[in-house]
Amino acid sequence: MKFSVMTGMAVALLALAPASAQQRGGVINVATIGEPPTLDPMVSSTDIVGMIGQHIYETLFTFDKDWKTSPLLAAGMPSISPDGRIYTIKLRQGVTFHDGQMMTSKDVVASLKRWTDLASRGKQIVDNIASIEALDPTTVQISLKEPYAPLLALLAFNNSAAVIMPADKLDNPIKDAIGTGPYKVKERKPDQYLQLVRFDAYQSPPGEVSGYGGARHQYVDEIRFIPVPDANTRVEGALAGQFTYTDSLPIESYPRLKGSASEAVVLAPFGWPMFVMNNKEGLLSDLRLRKAVQISLKQEDMLAAAFGDQAFYAVNAPMYPKNFIWHTKAGAEPYNVGDPDKAKALLKDAGYGGQKPLRIVTSRQYEFHYKMAQVAAEYLKLAGFNVAMEVVDWATLVQRIRNPALWDIFITHSPFLADPALISILSPTASGWWDTPAKTEAVAALNKATTEGERIQLWEKVQSLIFAEAPLVKIGDFNSLSAKSPKLQGFTPSPWPAFWNVSLKP
């Protein structure tokens, strides 16, 4: 079978190579798991918005092939004061927005202030920001109250992203998707397609391609993102060669790609699925009931049901695999327990006798989410929970989880991220609302530490708290499967597939 595979350390996940053929022209059809809930990357932390949005908008920084921050709209890495509190950022000159306006520090300051107001990741740091100001048209200065080691990683991340928009186009919700990216929006027909076309006035960053950093070449004329919510429909479309790239395929379709019109694309390891619990209100605001959920589950059975082939998953408790500097086993004992009797004792202690349903919200657009939910439901019933599973489309799930009155558990997944501070549950405003004194203290210490060695040790404390306070349940590690046309040249698997620096073979 022909396939593209990226394995090993996270540093390899971002090796987005330049197109080998450099053929200009053509249209790429990308089948996605559904309709993006918004085209505003600040207000959404979903992968689909991040994947699409990175073609339209840009951030001050991004990640290179080694997961290190790299300048994007910034002219270089910032100047940081000796006390770690003042970041002075020079901007690239000559960058224009899709509406023809020249980007200046005014736009950057206004965008970053909107990010701290609206974005869950911006809210992570807003209380620590003393000021964001323009020193001159090409210079921005961010002043912090206390040192914050993950600042550049937050500014580089494309989920709940600190994208730069024109200062006069910052409505909430946005009226026009205007950025500085290599492609601009031409037409959107909900549930049919989102059409992006080459932005002819695009100013590419300089330098060699390195991950998401360096030059961004616009070889193809047009990218069409086509929502295909049904996983089986995506599979059949990939087999028939209907799509240039097909995102998120069920693992069981892997053998079927052999000899088909598409090649398998495997990203290994991709990330980790999780059950996020509602810490704010409802049943799981009680720690005893969250711990009952935690020890009820048998992760190896959930992973087997979701992925089948052991080549595509690992029963692994730590939040990061061994090939990451953040890997630690600290606190990971309550993993893969599957003990209904211990869970029943916790339910009894909490006074829960099934009087209220445990509401699990999931979507079949990510089929492995749904399969894990089915297995989990049976374990939770054995423990004594009255389980109510709600299966909705992904856009509905994303809306529902913003309201703590509507759910108890939702199922999602994340790539392994460059810095633990990027894990969404660490933000007290992220859905799940984990906000305890111990967590606040541990995360603050992690973020203030200035050396890698200190931060690794402090991350152990944070991971231990994740297992002790059970704001979520990690299921394991998994590899992702997608498919691409053999005509797509220069494409390399990555957590958020990018279609600059790729071309179409005639």
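A residue is called buried when its relative accessible area is under 20%. The exercises below use this cut-off on a predicted model.

**Exercise 1. Find which residues of helix H1 are buried, and work out why H1 can be called largely enclosed.**

Step 1. Going through H1, one finds that Asp47, Ile48, Val49, Gly50, Met51, Ile52, Gly53, Gln54, His55 and Ile56 are buried.

Step 2. Helix H1 covers residues 47-56, and 10 of its 10 residues are buried, so the rest of the structure largely encloses this helix.

Step 3. The cover over the buried residues of H1 includes the strands E2, E9 (183-189), E10 (193-198), E11 and E17 (409-415).

**Exercise 2. Determine which strands pair with E2, and which residues stand opposite Ala31 in them.**

Step 1. Strand E2 (residues 27-32) runs parallel to strand E11 (residues 222-227), and six bridges join the two. Within E11, the residue opposite Ala31 is Ile226.

Step 2. Strand E2 also pairs with strand E12 (residues 245-246), again in the parallel sense, over two bridges. Here the bridge partner of Ala31 is Thr246.

**Exercise 3. Check whether the length of helix H9 agrees or disagrees with its number of residues, and describe how H9 is covered and what follows it.**

Step 1. Helix H9 runs over residues 367-383 and has 17 residues, which at 1.5 Å a residue should span 24 Å. The expected span is 1.5 Å times one less than the number of residues.

Step 2. The end C-alpha atoms of H9 are 25 Å apart, which agrees with the expected span.

Step 3. As for its surroundings, 13 of the 17 residues of H9 are buried, which leaves the helix mostly covered. Just after H9 comes Gly384, where phi is positive, at about 110 degrees.

**Exercise 4. Describe the largest nonpolar core and the contacts of Trp459.**

Step 1. The largest nonpolar core has 157 residues, and those with the most contacts inside it are Leu112, Phe275, Phe385, Trp459 and Phe499. The strand that gives the most to this core is E13 (residues 263-277), with 11 residues.

Step 2. When its neighbours within four places in sequence are left aside, Trp459 is in contact with Met319, Tyr320, Trp326, Thr328, Pro420, Ile423, Leu426, Leu446 and Ile466.

Step 3. A second core, separate from the largest one, consists of five residues, among them Ala31, Tyr193, Val228 and Phe243.

**Exercise 5. Classify two aromatic pairs, and state which parts of the chain they link.**

Step 1. The structure holds 23 aromatic pairs. In the pair of Tyr254 and Phe312, the ring centres are 5.3 Å apart and the planes stand at 70 degrees, which makes the pair edge-to-face, because planes over 60 degrees apart count as such.

Step 2. Tyr254 belongs to the loop between E12 and E13, while Phe312 belongs to the loop between helix H7 (299-307) and strand E14 (313-314), so the pair ties together parts 58 residues apart in sequence. Both Tyr254 and Phe312 are buried.

Step 3. Tyr320 and Trp459 also form an edge-to-face pair, with 6.0 Å from centre to centre and 80 degrees between the planes. This pair links distant parts of the chain, since Tyr320 is in the loop between E14 and helix H8 (340-349) and Trp459 is in helix H12 (residues 452-469), 139 residues apart. Both Tyr320 and Trp459 are buried.

Step 4. Ring pairs also join Phe270, Phe307, Tyr313, Tyr366, Phe368, Trp394 and Phe478 into a cluster.

Key
Residues numbered from 1 in each chain as written. Predicted model: local features only at pLDDT ≥ 70, side-chain atom pairs only at ≥ 80, totals over all residues. Heavy atoms only, no water. Helix = DSSP H or I, 4+ residues; strand = E, 2+ residues; numbered from the N terminus. Buried < 20%, exposed > 50% of the residue type's maximum accessible area, 1.4 Å probe, protein only. Core = buried A, V, L, I, M, F, W, Y, C linked by side-chain atoms within 4.5 Å. Contact = heavy atoms within 4.5 Å. Pairing = 2+ DSSP bridges. Phe/Tyr/Trp six-rings, centres within 6.5 Å; stacked < 30°, edge-to-face > 60°.
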